[in-house]
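Please consider the structure shown below. The paragraphs that follow examine the surroundings of its ligands in turn.

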Amino acid sequence: MRTYFKPKNKLALLYKMKILVTGGTGYIGSHTVVELFNAGHEVVVIDNFDNSYPEVLENIEKITGKKVDFTNVDIRNKQALTDFLMAQKGIDAVIHFAAFKAVGESVENPLKYYENNVGGTVNLLYAMEAAGIHQIAFSSSCTVYGEANPPVDENTPRPAAQSPYGNTKQICEEVLFDYTKASNLKVVSLRYFNPVGAHDSALIGELPIGIPNNLVPFITQTAIGKREVLTVFGNDYPTPDGTCIRDYIHVVDLAKAHVKAIEFLEMKKYTDAYSVFNLGTGQGSSVLEAIHSFEKVTGVKVNYKIGTRRAGDIAQIYANCDKATNELGWKTERDLDNCMLTSWIWEKHLAGK
Ligand code: NAD
Ligand code: WQD
């Protein structure tokens, strides 16, 4: 039986959905679970804690006051995944985050990435078909655009991927597209730009294992004294200050986009069974701008030096997000300063400060 909401406006979904979130204890997944609860939906989470911890479940409960319906399932295990989904009742849609995401590791161990990211997605589609679930939001990435002239929109051509990780995202998009042609499946592929920041409560955030590859955790770890110096990878790019430009999107804004995207499917607002949306801010920020934003909002100096370029980096990319604004009714609410501030509060929380 459906639980109906009090109507917020005539475009809003009027009832509660039951949504399965794979990888729901991870960085973006955990924030999305919080926003799904905030929007009144029922959530079922699976994860195998490959890159997350059980404490995240308690912290989601502290934030939302809702107990998370969690099961440890590895999406590489097709039988276990199918048995799990078949035993569930009334799931309306899936948001699929579970994947590996380290670009460098994917170069060293491509099969690990194809097995989990592509194989796991195929297993999930089989399991969904068996369980009669026909709606999915998929975590894609701006990496599919490679080096392109920004701002990039969803029609920007996708060149050959530059890493096995990037290729897994391209392949999964193709798998999902092809499967919409042969089934009742409805898909939104969400191409994230650079997700950063943490929840205002500082109870959930990104947990980089080992030395971070990404800029923002490296900034916060340097500022707190865990790393001695941040190396800016090159200041000789053809950008105004010579450092690379990216589109840093706050993870809470990103999480809210998932609520809109899944409701978009439920309300059958799509014209095609397979839709793609860029999720970014539309604003490019350079590495130096990111560092200076951090220093401004925290009052803490970052010890950084200019180094050589990192292999594989592109000079600049940022999104055109008009499609998400026009069709999903979503836009970002937070700026780079808020990304930096919440990342810092999270880093201090991790350090027990
Ligand atoms: P994350 O590693 O924090 O979360 C992924 C979660 O999936 C983890 O909790 C992990 O334990 C789980 N998982 C991995 N393999 C699994 C398996 N076989 N079975 C069950 N659970 C499994 O990563 P994230 O940053 O939250 O990214 C979520 C998704 O978004 C990924 O698909 C990633 O590729 C994509 N993405 C991330 C970024 C980014 O910069 N963070 C950018 C673009 C796209
Ligand atoms: C941002 C900028 C670096 C670290 C990666 C993945 C991509 C996507 C998002 C998943 C770049 C510079 C960084 C440092 C630096 N993930 N930098 N010093 O490379 O844009 O994208 O995350 O889909 O696939 O490749 O993000 O945070 O690593 O780098 O100067 O110590 O910061 O050169 O210009 P990137 P990033």
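**Two ligand environments**

In this predicted model, a backbone N or O atom of Gly26 lies 3.3 Å from an oxygen atom of ligand 1. Ile28 likewise places a backbone N or O atom 2.8 Å from a ligand 1 oxygen, and Asn51 contributes a polar side-chain atom at 2.7 Å from an oxygen of this ligand. Of the 820 Å² of accessible area that ligand 1 has on its own, the protein covers 95%.

The shell around ligand 1 comprises 28 residues, with Asp47, Asn51, Ser52, Asn116 and Tyr165 the closest. By class, these residues divide into twelve nonpolar, ten polar and six charged. Helix H1 (27–38), strand E5 (135–141) and helix H6 (164–181) each provide at least two of them, and E5 gives the largest share, three residues.

Attention now turns to ligand 2. A polar side-chain atom of Asp313 lies 2.5 Å from one of its oxygen atoms. Backbone atoms also take part: a backbone N or O atom of Leu215 lies 2.8 Å from an oxygen atom of ligand 2, and a polar backbone atom of Asn213 is 3.4 Å from a ligand 2 oxygen. Taken alone, ligand 2 exposes 690 Å², of which the protein buries 87%.

Around ligand 2 there are 19 residues, the closest being Ser141, Tyr165, Thr231, Arg246 and Asp313. Ten are nonpolar, six polar and three charged. Helix H7 (215–224) and strand E8 (230–233) each supply at least two residues of this shell, the largest share being the four residues from E8. Tyr165 is thus listed among the closest residues for ligand 1 and for ligand 2.

Methods:
Residues numbered from 1 in each chain as written. Chains lettered and ligands numbered in written order. Predicted model: local features only at pLDDT ≥ 70, side-chain atom pairs only at ≥ 80, totals over all residues. Heavy atoms only, no water. Near = heavy atom within 4 Å. Polar contact = N/O pair within 3.5 Å; in protein donor to acceptor, adjacent residues only side chain to side chain. Areas by Shrake-Rupley, 256 points an atom, 1.4 Å probe, with all protein chains shown as cover. Nonpolar A, V, L, I, M, F, W, Y, C, P; charged D, E, K, R; others polar.
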